[in-house]
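Let's take a walk through this one together. Have the model open and ready to rotate, and we'll go from confidence to core to aromatic rings.

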Amino acid sequence: MNITLLVQFLALLEEMKTREEILPEFERLLDRCGFDFYGIVRQPKPHENPLRLLLAGRWPEGWPQIYIRKKYVVIDPTIRFLGHAQRGFRWRDTLVAFRWRDTLVAFRSDPHRKRMESMMVEARNHGLFDGYIFPVHGRRGLMGNLTVGGRVVDLSPVELSLFDAIAKRLFWKLLELTDPEIMAELVSRVEVQMTRREMEALHYLADGMTSNDIGKVLDISSHTVDWYMNGIQEKLKAKNRHHVVAIAFRLGLIS
C-alpha cells in the first residue's frame, strides 16, 4: 500500500509547481504512512539556528524551542551520524538503557553521550518515539535532510529507498521555490584546479599522514610537501590543514 502511495507522490511531485500544491499533498502522504511530524531543512552549522534553515516542517508543540534553547544541534546524534550516512536510517531506540540503534551506539565513547541520551528522552516525551532521517547531498557535500517521525512505523527496504528519492526531489524543489539564489549557489559547479601532485598530497593528508610521511611516499622532501600544502590551502581558502580536509570532503575532491 505505502509503496504505491510513495510512487504516486513521486510522479505527482514532478507536476506540482508551488509550495501551496506540494506541502498539503506531502503531509497527506505522511499521514497515510503513519508519520505525525516532519522537517525539511538545509544542513545547519553548529552556530546556526536550524529553524532559520527550515524549508517546511510540522513538529510537536514546544519541541523546536527546546531544541534551539538547549543547543541540541551541536550534539544531536542523528545529525552527527548523518554526516557519515549515504542513505536514510532509523533513529528510534530499540534497546533498553538508552542504547539507540545506528545513532548512540556509534557514539558509545563520546563525551557528550549523556546529553545525547537526555535529548532522545526529551524527544520521546514530546511524542517523537520513532523516526527516519534522509540525507540530501549535492556537489558541495551534505546539503540538508528530511526527517519524519512520531509513532512507531516500520518501513521496508523498498519504502526506505522511495523515501530517499522523495527527500532529494522534495528538498531541491522546495529550495528552488523558497530561495532560488541559494539554490543556484549550491548547485553551481565548484571550480578548484589542482595539480596531480597536489591531489596526491591531499589524499595522503586525508589519510592522516604528516609532511614527512607524504614526502617518503612521493619521494620528495618534506619542505616540498609543505609547499604543495600551502598551495592547496590557498586555493581552498582554508585556515589550516584540518580545514583543508574538511573542505575537500565537502567539495567531493576526496572521499
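A word on pLDDT before anything else: it is the predictor's confidence in each residue, on a scale from 0 to 100. You're looking at a predicted model, and its mean pLDDT is 84, with 84% of the residues at 70 or more. Confidence peaks in helix α2 (residues 19-33), at a mean of 96, and is lowest in helix α7 (residues 180-187), at 69. Keep an eye on residues 93-102 too: pLDDT is below 50 there, although the stretch has 22 contacts in the model beyond near neighbours in sequence.

Now for the inside. Nonpolar side chains tend to be buried together in soluble globular proteins. Here, the largest nonpolar core has 36 residues, and the members touching the most others are Phe26, Phe35, Ile40 and Phe163. Helices α1, α2, α6 and α7 each give two or more residues to this core, and so do strands β1, β2, β4 and β5. The largest share, 9 residues, belongs to α6. Try clicking on Ile40: setting aside residues up to four places away in sequence, its contacts include Phe26, Leu55, Leu146, Leu170 and Leu174. There's also a second, separate core of 19 residues, with Tyr67, Trp91, Met119 and Leu142 among them.

Which aromatic residues cluster with Phe35? Tyr132, Phe134 and Phe163 join Phe35 in one aromatic cluster. Across the whole structure, a search turns up 10 aromatic pairs. In one of them, the ring centres of Phe35 and Phe163 sit 5.8 Å apart with the planes at 90°, so this pair is edge-to-face. Phe35 is in the loop between α2 and β1 while Phe163 is in helix α6, so the pair ties together parts 128 residues apart in sequence. Phe35 counts as buried because its relative accessibility is 1%, and Phe163 does as well, at 0%. Another edge-to-face pair is Tyr67 with Tyr72, whose centres are 6.1 Å apart and whose planes meet at 65°. Tyr67 is buried at 13% relative accessible area, and Tyr72 is buried at 4%.

Last stop: Thr147, which is in strand β5. Is Thr147 buried or exposed? The cut-off for buried is under 20% relative accessible area, so at 13% Thr147 counts as buried. Its side chain makes a polar contact of 3.0 Å with the side chain of Asn145. Leaving out neighbours within four places in sequence, Thr147 also contacts Phe37, Tyr38, Gly39, Trp59, Trp91, Tyr132 and Ile133.

Conventions
Residues numbered from 1 in each chain as written. Predicted model: local features only at pLDDT ≥ 70, side-chain atom pairs only at ≥ 80, totals over all residues. Heavy atoms only, no water. Helix = DSSP H or I, 4+ residues; strand = E, 2+ residues; numbered from the N terminus. Contact = heavy atoms within 4.5 Å. Core = buried A, V, L, I, M, F, W, Y, C linked by side-chain atoms within 4.5 Å. Buried < 20%, exposed > 50% of the residue type's maximum accessible area, 1.4 Å probe, protein only. Polar contact = N/O pair within 3.5 Å; in protein donor to acceptor, adjacent residues only side chain to side chain. Phe/Tyr/Trp six-rings, centres within 6.5 Å; stacked < 30°, edge-to-face > 60°.
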